[in-house]
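The following exercises concern the geometry of one protein chain. Each task is followed by a solution in steps.

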Amino acid sequence: YVLGPISKRKESSLGKGKQPSSKSISLWKSVVLALGWSVLAFLVYRAATMEVEMVEFDPFEILEIDKDASPAKIKQQYRKLTLKYHPDKEDGNPERFMLIAKAHETLTNEDARRNWELYGNPDGPGAVSFGIALPSWIIEKENSFWLLLIYVVGIVIVLPVIVGCWWYKKIKYSGDDILLDTQKLYRYYLGTSSWLTTKRLIMILGASFEFWKTFNKEVVERADDNEFLPR
């Protein structure tokens, strides 16, 4: 009987404030969580269906000539395209202009052409090769979907859930490991009471949320006050 009246008075007194109700807060949390998961699902879908293509450096394609073009044809086409894409022109394209110059050098310079034929890049192997301290199966294309799935499940879902559960439980307690709701209860009754008898103090302590099974799973509840708790 002690817990009932005190808890009801506490709920009615705390509900008179201007703070939003727990139902409205829970609704907003659900909406934000649903939007977050929707965005995550969309990003995962786009990442899984995205086609990744490796663009090869092809000087013949850049200069828009055949692979058996003569040196004179290469030079002629180079001049034509540099005039078309020159950065000084209003409709010029600096990036395209530099790419054309690099393609021309690749076909006219022996070292650059040999590097391109051997390594796919006129600058040599150092421009395209790289090292990574990972097993080869990790960077294989056929395993990209499963690696993405593991990343999404482990990093994006499991880890946030674990941290969120720990944090959600942690923020319920104060620095002295007392439930914040219990502290609010004490402040209300101790602050509004000018006198405290032993009986009233016991009633306040008995209303602590630590004795509620909802907040403390170790609490053993009785169906009736006449039953004895096991020792």
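**Exercise 1. Classify Arg113 by its accessibility, and then describe its salt bridge with Glu117.**

Solution. The structure is a predicted model. Step 1: the relative accessible area of Arg113 is 26%. Because buried means under 20% and exposed means over 50%, Arg113 is partly exposed. Step 2: Glu117, at 54%, is exposed. Step 3: the closest N and O atoms of the salt bridge between Glu117 and Arg113 are 3.3 Å apart. Step 4: both residues belong to helix 6 and lie 4 residues apart, so about one helical turn separates them.

**Exercise 2. Describe the salt bridge between Arg114 and Asp111, and state where the two residues lie.**

Solution. Step 1: the N to O distance between the side chains of Arg114 and Asp111 is 2.6 Å. Step 2: the two residues are 3 residues apart in helix 6, about one turn of the helix. Step 3: Arg114 has a relative accessibility of 42% and counts as partly exposed. Asp111, with 46%, is partly exposed.

**Exercise 3. Determine how many salt bridges the structure holds, and locate the partners of the one between Lys102 and Asp123.**

Solution. Step 1: the structure holds 5 salt bridges. Step 2: in the pair formed by Lys102 and Asp123, the closest N and O atoms are 3.4 Å apart. Step 3: Lys102 is in helix 5, whereas Asp123 is in the loop between helix 6 and helix 7; with their positions 21 residues apart, the pair links distant parts of the chain. Step 4: Lys102 is partly exposed at 27% relative accessibility, while Asp123 is exposed at 52%.

**Exercise 4. Derive the relative orientation of helix 5 and helix 6 from their packing angle, and list the residues that meet.**

Solution. Step 1: the axes of helix 5 and helix 6 are 5 Å apart, and the packing angle is about 95°. Step 2: angles of 65 to 115 degrees count as roughly perpendicular, and helix 5 is therefore roughly perpendicular to helix 6. Step 3: helix 5 contributes Glu105, Thr106, Leu107 and Thr108, which meet Glu110, Ala112, Arg113 and Trp116 of helix 6. Step 4: by class, the residues of this contact are 3 nonpolar, 2 polar and 3 charged.

**Exercise 5. Repeat the analysis for helix 4 and helix 5.**

Solution. Step 1: the two axes come within 10 Å and cross at roughly 170°. Step 2: because angles over 145 degrees count as roughly antiparallel, helix 4 and helix 5 are roughly antiparallel to each other. Step 3: on the helix 4 side the contact is made by Ile74, Lys75, Tyr78, Leu81 and Thr82, and on the helix 5 side by Phe97, Ile100, Ala101, His104, Leu107 and Thr108. Step 4: the residues of the contact of helix 4 with helix 5 comprise 7 nonpolar, 3 polar and 1 charged.

**Exercise 6. Which residues make up the largest nonpolar core, and which helices each supply at least two of them?**

Solution. Step 1: the core has 12 residues, namely Phe57, Phe60, Ile62, Leu63, Ile65, Ile74, Leu81, Tyr85, Ile100, Ala103, Leu107 and Trp116. Step 2: at least two core residues come from each of helix 3 (59–63), helix 4 (71–84) and helix 5 (94–108). Step 3: for Tyr85, with its neighbours within four places in sequence left aside, the contacts are Gly92, Asn93, Pro94, Arg96, Phe97 and Ile100.

**Exercise 7. Characterise Glu64 and Pro125, two residues located in loops.**

Solution. Step 1: Glu64 lies in the loop between helix 3 and helix 4. Its phi is positive, about 60°, although Glu64 is not a glycine. Glu64 is partly exposed, at 48%. Step 2: Pro125 is found in the loop between helix 6 (110–119) and helix 7 (144–170), and is partly exposed at 36%. Step 3: the C-alpha atoms of Pro125 and Asn115 are 7.4 Å apart, with the two residues 10 residues apart in sequence.

**Exercise 8. How many helices and strands does the protein have, and what percentage of its 231 residues is buried?**

Solution. Step 1: there are 9 helices and 0 strands. Step 2: of the 231 residues, 16% are buried. Step 3: among contacts with a separation of 6 or more, 44% involve residues 24 or more positions apart.

How values were computed: Residues are numbered from 1 along each chain as its sequence is written. This is a predicted model: local features need pLDDT of at least 70, side-chain atom pairs count only at pLDDT 80 or more; totals for chains, interfaces and linings use all residues. Side-chain values use heavy atoms; hydrogens and water are left out. A nonpolar core is a set of buried Ala, Val, Leu, Ile, Met, Phe, Trp, Tyr and Cys residues joined through side-chain atoms within 4.5 Å. Buried means under 20% relative accessible area, exposed over 50%, partly exposed in between (1.4 Å probe, protein chains only). Contact means heavy atoms within 4.5 Å. Axes are lines fitted to C-alpha atoms, for helices over the stretch in contact, and angles run from 0 to 180 degrees between N-to-C directions. Angles under 35 degrees count as roughly parallel, over 145 as roughly antiparallel, 65 to 115 as roughly perpendicular and the rest as oblique. Ala, Val, Leu, Ile, Met, Phe, Trp, Tyr, Cys and Pro count as nonpolar, Asp, Glu, Lys and Arg as charged, and the others, Gly among them, as polar. A salt bridge is a side-chain nitrogen of Lys or Arg within 4 Å of a carboxyl oxygen of Asp or Glu.
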